[in-house]
Amino acid sequence: MTVIRVRGTRAATWFAMSNSLHPGVFLTAKACKNKRSERRKRGDKGKKTGYGAFMDLITTTAELASVCARFAKHPVITVDTEFLRETTYYPLLCVIQMASPDEAIAIDALAEGIDLNSFFTLMSNEGVLKVFHAARQDIEIIWHQAGIIPHPVFDTQVAAMVLGYGDSIAYDALVERVTGHRPDKTHRFTDWSRRPLTAEQLEYAVADVTHLRDVFAALDVDLRKRGRSDWVSEEMEILTSPKTYDFHPERAWERLKTRVRKPKDLAVLMEVAAWREQEAQSRNIPRSRVLKDDAVGDIATHAPASPERLATLRSLPKGFEKSQWGADIVAAVQRGLARDPGTLPKIEKPRNNSNGAATVELLKVLLRMTSERHAVASKIIATVDDLERIAADDKADVGALHGWRRELFGEAALALKHGRLALAIEKGRVVRVERT
Ligand SMILES: [Zn+2]
């Protein structure tokens, strides 16, 4: 028998419904453990891999191919990856974990001679829904290694936001809230590139996908019940769009928080950000090791077109102007200054008149009460940037004025902005008041 450990009275319904929606029973952590200990009792020691009692570590291309063939038969699987990226531009993929209703496995992505192709094929298999928690980095690494974006994908962190578990909930916290089980966190900061991996490390790694099955089953049912499945699908389209993973150097400036006012500053920002991206990519080191974000912004606003001018910037280390990078930056600044302003993207007008700022504050209150009332994380309804743009323009092209977000919040935001709606406090709670 399979036991599902979901807290609260809805557990039984969730379980029953999830099974009818996704044929096949999702094993719970407990069931998995039983399976493992059964194997231990049988004396299966996994001699091949040398990992003692843990026997589901995949280290060869052939084993991986047969595992992926089995996984491809399931409409839903869970996936997670462990990687290192502290010292590199491109993350180093170390371990891949997957679970189906029948089994949970770990793949040693650093095993000598292993070809991960069958895994990548599974990731793009349209018949298999891949469930991740906080999928972005996992997708990014797969995109970088194989040039494919996993599809279709379900991100439990996004689903949790849509269902009111707060902004960007961590895996452990979500597992605990949905299943009542508290995952072990001891190996969270483990070095996944060291070999051999210990049995404890592997057990920890696999727990990242086993509990995810229960979390998915519960959230999926809840989404359907509340008619919010489409909300998640919409987010998944963005998450799986190649544009999201476009790291072409000429677009690197878009990811910076720096706001510039003058076209000249923008041109320099674009050139310096592009240079930094290229340098980080070609040396495979993090962007911040080349130049900190603050320094990029500082250079854009001061446009030092000579080493002497560069030396006056406080955000750069002493003597930097004499280095090769110093010379490169001066050259990038000069390229920026030489650009035809007509070819630059349009700079958004500053929206910082005091009236606008007050409007944004009021919109924030409306957003907060909407988020609480409907149990949806505010972050997924609208960003502060959205609010600023709505305050400035009724027809702003922002997420909050489209689709379900407009229904839930955008319409009310416009009504508030134009005085058709007011906010008041009644018995200690903020309420909406219609005005005519
Ligand atoms: Zn993990």
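## Starting with a proline

Where is the place of Pro-152? Pro-152 sits in the loop between helix H5 (136-146) and S6. The peptide bond that joins His-151 to Pro-152 is cis, with omega at about -10 degrees. Keep in mind that you're looking at a predicted model.

## The big picture

The protein has 436 residues, and 36% of them count as buried. Its secondary structure adds up to 18 helices and 8 strands. If you take the contacts between residues at least 6 apart in sequence, 64% of them join residues at least 24 apart.

## A sheet of six strands

Let's look at the sheet. It is an open one with 6 strands in the order S1-S4-S3-S2-S5-S6, and its pairing is mixed. S1 and strand S6 (153-155) are the edge strands, each pairing on one side only.

Strand S4 (104-108) makes a handy landmark. On one side, S1 and S4 run parallel and are joined by 2 bridges, and here Ile-58 stands opposite Ile-107. S3 and S4, by contrast, run antiparallel with 5 bridges between them, and a hairpin of 4 residues links the two. Across that pairing, Gln-97 is opposite Ala-106, while Met-98 is opposite Ile-105.

So is S4 buried or exposed? Because 5 of the 5 residues of S4 are buried, the strand is largely enclosed by the rest of the structure. In a regular strand, side chains alternate between the two faces of the sheet. Here, Ala-104, Ala-106 and Asp-108 point one way, Ile-105 and Ile-107 point the other way, and all are buried.

## Helix H3 and its two sides

Helix H3 (residues 61-71) has Leu-64, Val-67, Cys-68 and Phe-71 as its buried residues. Looking down the axis of H3, you'd find these buried residues within an arc of 100 degrees, so they line one face of the helix. An α-helix has 3.6 residues a turn, so residues three or four places apart point the same way.

What do the buried residues of H3 pack against? Their partners are strand S1 (57-58), strand S2 (76-84), strand S3 (92-99), S4 and helix H4 (117-123). Flip to the other side of H3 and you meet Ala-62, Ser-66 and Ala-69, which are exposed.

## Two helices that cross

Two packed helices are described by the angle between their axes and the distance between the axes. For helix H10 (residues 263-283) and helix H12 (residues 293-302), the axes come within 8 Å and cross at roughly 145 degrees. The crossing of H10 past H12 is right-handed.

Which residues meet there? From H10 come Asp-265, Val-268, Leu-269, Val-272, Ala-273 and Arg-276, and from H12 come Val-296, Ile-299, Ala-300 and Thr-301. Sorted by type, the residues of this contact are 7 nonpolar, 1 polar and 2 charged.

## Backbone oddities

Most residues other than glycine have a negative phi, and most peptide bonds are trans. A few spots here go the other way. Arg-195 and Pro-196 are joined by a cis peptide bond, with omega at about 0 degrees. Pro-196 lies in the loop between helix H7 (171-179) and helix H8 (199-225).

Ser-168 isn't a glycine, yet it has a positive phi of about 45 degrees. You'll find Ser-168 in the loop between helix H6 (156-162) and H7, and it counts as partly exposed, with 13 C-beta neighbours inside 10 Å. Ala-303 has a positive phi too, of about 40 degrees. Ala-303 is in the loop between H12 and helix H13 (307-311), and it is partly exposed, with 18 other C-beta atoms within 10 Å.

Key: Residues are numbered from 1 along each chain as its sequence is written. This is a predicted model: local features need pLDDT of at least 70, side-chain atom pairs count only at pLDDT 80 or more; totals for chains, interfaces and linings use all residues. A residue is buried if 20 or more other C-beta atoms lie within 10 Å of its own, exposed if 12 or fewer, and partly exposed in between; C-beta atoms are placed from the backbone. Two residues are in contact if their C-beta atoms, placed from the backbone, lie within 7 Å. Axes are lines fitted to C-alpha atoms, for helices over the stretch in contact, and angles run from 0 to 180 degrees between N-to-C directions. A crossing is left-handed if the near helix is turned anticlockwise from the far one by less than a right angle, and right-handed if clockwise. Ala, Val, Leu, Ile, Met, Phe, Trp, Tyr, Cys and Pro count as nonpolar, Asp, Glu, Lys and Arg as charged, and the others, Gly among them, as polar. The arc is that of the directions from the helix axis to the C-beta atoms. Two strands pair if DSSP finds at least two bridges between them.
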